[in-house]
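Q: I'm new to reading protein models, and I'd like to take a close look at one part of this one. Could you walk me slowly through a single loop and what surrounds it?

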Amino acid sequence: MLETPISQVNAAKPIRIALGLLLCLLAFIATACKSDYQGAARQNRPGENKAARQVKTARVEETPFGETVTANGTLAAFDQSTASVKVAGRLNSIGVDLGSVVRRGQVIAQLEPNDYKLRVQQAEASLSQARARLGLSPEGADDKVSAEQTGTVRQAKAQLDEARLNRERAVRLVEQGIVAKSDYDAADATFKVAQSRYQDAFEEIRNRQAVLAQRRSELALARQQLADTTVHAPIDGIVQQKRASVGEYVAAGSPVVDIVRMNPLRLQAQVPERDAATVRFGQSVRVSVEGDGKVYLGQIKRLSPVITEQNRMLMVEADVQNDGNLRPGSFAKAEIVTNDAKMAVTVPNNAIVTFAGIEKVIVVQNGKALEKPITTGRRSGEWTEILAGLNVGDQVIVDPGNLQSGMAVEVVQ
């Protein structure tokens, strides 16, 4: 048996020691990496060590919501008027345009007034002439005159008195035989002519009084036409359309602007015949329009006395208060409250989340958020009816924002 030399054994010993140290180093590195990986995994695990989100909740309650009748309709202006010119002329100015807010009596347009000012001056001159023919001063507002005090009547009366005396004198002379009867006949004829002239004088004065009254009316008409060169707004409202321009010659009655009254608005809706018996004057109406999440309140004011034969519908009108967001001509959905006493399960409107056409609410369960799909019914200004998905007493999160199921939450008051 061969024996290993002592020199060879001593040479292999450092090699074994180096290999051992290398293996120990590799094992240490592997252990450290594994420990770091597990720590990172624990640090990146979702849902751990995150602060709970503070939320507010509301209780699902049963409240009086009322029975309603749903109807579709159209919003119309409460009043609509066209401001037109009353006299012909050239449009000198117009102070409003599309969308301008106007008040009743506000000046919106002006015609050139020069022609009508000349007509007023002409009428004033004619009036002064008529007053002078009656013996009145050209200026003045009192047109009363006594016919007996006019020069025409006084002259006719003097001639009549003279003719009467001449006839009486002729009667006495004929009786005394001093003059022939033909002289009496001539005096009598003169008296009768004087009587006729006296009567004509009274009629002439009455005619002049009538002419004076006519001239007074012509002056008032001329002044009115001058005033009518200014066009005023007939109602409060907003200009819907401008129909004339500056410099345009417009005939009498030509439209200048169309004005609509915006508050309140008329809701014109049709109620099916099966529901017509429940609709009454004075009932409340909740109105909603496309693109506006707000619910507007109204009241039934007018009902048609008949049901339309073609579609078996009852036409109703409600006055709806407008805050400036509603526009005439809009399609509207109306809910007519026919019974205020009916109870319904409701939640606040701001607790409902809609995503991809699905409505849901978020409740708190075991300190975490939980989404629940729901089926909704009628809506009011603050509340929504829940047909399925919730029970009375459940707590729903209001204004949930981007809250999702599984997230930790903390309820605060």
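A: Let's begin with one residue in a loop and then move outward to the sheet and the salt bridges. Please keep in mind that this is a predicted model.

Find threonine 229, which sits in the loop between helix 4 (181–227) and strand 7 (230–232). Is threonine 229 buried or exposed? Its relative accessible area is 1%, and because buried means under 20%, threonine 229 counts as buried. Now look at what surrounds the residue. Leaving aside residues up to four places away in sequence, threonine 229 touches Val87, Ala109, Gln110, Leu111, Glu112, Pro113 and Tyr116. With glutamine 110 there is also a polar contact, side chain to side chain, at 3.2 Å.

The same loop offers a second residue to visit, aspartate 228. Its side chain forms a salt bridge with the side chain of lysine 86, at 3.8 Å from N to O. Lysine 86 belongs to the loop between strand 3 (67–84) and strand 4, so this pair ties together parts that are 142 residues apart in sequence. The two partners make a nice contrast: aspartate 228 is buried, at 12% relative accessibility, whereas lysine 86 is exposed, at 58%.

Next, follow the chain from the loop into strand 7. This strand belongs to an open sheet of 4 strands, ordered 7-6-4-9, with antiparallel pairing. Strand 7 and strand 9 (249–250) are the edge strands, each pairing on one side only. Strand 9 pairs with strand 4 (residues 89–94) in the antiparallel sense, over 2 bridges. If you would like a spot to point at, arginine 90 has tyrosine 249 in strand 9 as its bridge partner. In general, the strands of a sheet pair through backbone hydrogen bonds.

Finally, go back to the other side of the loop, to helix 4. Here the side chain of aspartate 188 meets that of arginine 167 in a salt bridge, at 3.2 Å from N to O. Aspartate 188 lies in helix 4 and arginine 167 in helix 3 (residues 151–176), so the pair ties together parts that are 21 residues apart in sequence. Aspartate 188 is buried, at 14% relative accessible area, while arginine 167 is partly exposed, at 25%.

How many salt bridges does a search of the whole structure find? The total is 19, and among them are the pair of lysine 86 and aspartate 228 and the pair of aspartate 188 and arginine 167.

Notes: Residues numbered from 1 in each chain as written. Predicted model: local features only at pLDDT ≥ 70, side-chain atom pairs only at ≥ 80, totals over all residues. Heavy atoms only, no water. Buried < 20%, exposed > 50% of the residue type's maximum accessible area, 1.4 Å probe, protein only. Polar contact = N/O pair within 3.5 Å; in protein donor to acceptor, adjacent residues only side chain to side chain. Contact = heavy atoms within 4.5 Å. Pairing = 2+ DSSP bridges. Salt bridge = Lys/Arg side-chain N within 4 Å of Asp/Glu carboxyl O.
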